[in-house]
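Here is a short guided tour to read alongside the sequence and the 3D view. Keep the model open and follow the residues as they come up.

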Amino acid sequence: MTSLSRGLISHLRKTLSLTHTQIPISSFSITTHFIKRFSSEALVSNESLNERIIEAKKKVMSADSKRTGLIAVKCGMTALWDKWGARVPITVLWVDDNVVSQVKTPEKEGITALQIGCGHKKEKHLTKPEVGHFRAQGVPLKRKLREFPVTEDALLPLGTQIGVRHFVPGQYVDVTGITKGKGFQGVMKKYNFRGGPASHGASKSHRSGGSTGQRDAPGKVFKGRKMPGRMGGKQRTVKNVWLYKIDPARNLMWVRGQVPGNEGDFVFIKDAWYKKPDISMLPFPTYFSTEDEDVTSLEPLVADLGDTDPFMAAD
């Protein structure tokens with residue numbers, strides 16, 4: 001046993017052998033304050049003081065405000081003909097029961113964000129920590145979760161339902177998803193290489209990448225060289241996607257062009273960063289339906305095409 005250990009043990013023995021009369025008043029007050037601070041009553045009172053009351057009501061959106069996004073399921077692609085007779089590719093997205101599953105505030109987590117849950121999942125298909133998270137928040141079991149950073153004025157109460165009317169037809173959005181996985185591919189498919197000669201001088205090297213390095217100087221292959229490898233299966237964001245139409249009755253969205261992922265994959269939609277929408281036309285912090293509103297009887301909302309074709313206009 002070292003001298004340090006013997007010293008600690010002797011100090012503990014002296015401390016335990018002290019009577020109440022031998023304990024200094026300052027030490028007793030410090031110990032009492034320490035016990036009270038970490039008691040259950042103190043914890044409850046501190047939590048009640050730090051808890052912020054978030055109301056579900058309409059607010060005025062400022063230029064610095066940042067709304068939450070949505071989680072959607074890619075249903076597939078279709079086409080339509082506009083009033084000018086042009087055939088336009090359209091991607092259909094389904095907003096499957098989006099709910100605010102967690103509210104993060106600077107007092108608790110140190111950030112301002114909303115966690116959105118999408119879809120439904122059985123308890124037997126979730127892990128115990130996931131089930132405990134949903135039960136602690138008091139929300140239904142969700143299939144997909146995504147955190148969206150927001151400003152403090154865009155916070156929503158826990159359990160708030162968010163539908164497709166969160167966005168307005170005619171605005172631009174950014175869509176993020178996982179691209180289709182292509183597996184291991186060569187340089188001609190992955191990087192559009194031309195390939196080798198098709199006749200003279202080529203022996204089983206028509207689709208090869210050619211030379212990749214040098215001789216003695218520098219005698220290595222530089223990093224970042226385009227070579228065969230895994231293609232696809234990465235997170236990508238398509239920016240400035242034009243929202244053509246929404247269907248509140250079925251929670252469907254029609255956007256111009258393509259979005260990342262296969263049919264049935266999850267994509268994440270938020271207001272465009274570069275082509276920012278008009279804040280006067282956006283519901284803030286989200287759209288709140290009235291009690292007497294029948295969602296199933298609502299008609300689809302289509303963007304105003306105007307005098308120029310928005311599908312054929314150059315970006």
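## A histidine and its neighbours

Leaving aside residues up to four places away in sequence, His166 touches Arg67, Thr68, Leu70, Pro283, Pro285, Thr286 and Tyr287. You will find His166 in the loop between strand 6 (161–162) and strand 7. Is His166 buried or exposed? It counts as buried because its relative accessible area is 0%, and the cut-off for buried is under 20%. One of its neighbours also offers a polar partner: a polar atom of the His166 side chain lies 2.9 Å from the backbone oxygen of Thr68.

Pro285, another residue that His166 touches, deserves a look of its own. The peptide bond from Phe284 to Pro285 is cis, with omega near -5°. Pro285 sits in the loop between strand 12 and strand 13 (301–302).

## The chain as a whole

This is a predicted model, and its chain holds five helices and 13 strands. Of the 315 residues in the chain, 32% are buried. Among contacts in the chain with a separation of 6 or more, 74% are between residues 24 or more positions apart. The accessible surface of the chain is about 20800 Å², and carbon and sulfur atoms account for 54% of that surface.

## The largest pocket

What is the volume of the largest pocket? It comes to about 540 Å³. The pocket is lined by 28 residues, and those closest to its centre are Lys66, Asp271, Ala272, Trp273 and Lys276. Four elements are listed as giving two or more residues to this lining: strand 5 (144–149), strand 7 (172–178), strand 10 (235–247) and strand 12 (266–271). Strand 5 provides the largest share, with four residues. Sorted by class, the lining has 11 nonpolar, seven polar and 10 charged residues.

## A valine in strand 3

Val103 belongs to strand 3 (residues 98–104). With a relative accessibility of 18%, Val103 counts as buried, because the limit for that class is under 20%. Not counting residues up to four places away in sequence, Val103 touches Ile54, Glu109, Ala113, Leu114, Leu155, Leu156, Pro157 and Leu158. A further distance to check in your viewer is the one between the C-alpha atoms of Val103 and Ile116, which are 13 residues apart along the chain and separated by 9.1 Å.

## Backbone details

Two residues other than glycine have a positive phi value, and they are set side by side here.

| Residue | Phi | Place | Relative accessible area |
|---|---|---|---|
| Asp97 | near 50° | loop between strand 2 (87–94) and strand 3 | 22%, partly exposed |
| Asn240 | near 55° | strand 10 | 22%, partly exposed |

Asp97 lies in a loop, whereas Asn240 is found in strand 10, one of the strands that contribute to the lining of the largest pocket.

Where else can you look for a cis peptide bond, and which residues does it join? The bond from Ala217 to Pro218 is cis, with omega near 0°. Pro218 lies in the loop between helix 5 (187–191) and strand 9 (229–231).

Definitions and conventions:
Residues numbered from 1 in each chain as written. Predicted model: local features only at pLDDT ≥ 70, side-chain atom pairs only at ≥ 80, totals over all residues. Heavy atoms only, no water. 1 Å grid on protein atoms, 1.4 Å probe; cavity = no way out; pocket = protein on both sides within 12 Å on 5 of 7 lines; lining within 4 Å. Points joined across faces, edges and corners; volume = space filled by probe spheres on them. Nonpolar A, V, L, I, M, F, W, Y, C, P; charged D, E, K, R; others polar. Buried < 20%, exposed > 50% of the residue type's maximum accessible area, 1.4 Å probe, protein only. Polar contact = N/O pair within 3.5 Å; in protein donor to acceptor, adjacent residues only side chain to side chain. Contact = heavy atoms within 4.5 Å. Areas by Shrake-Rupley, 256 points an atom, 1.4 Å probe, with all protein chains shown as cover.
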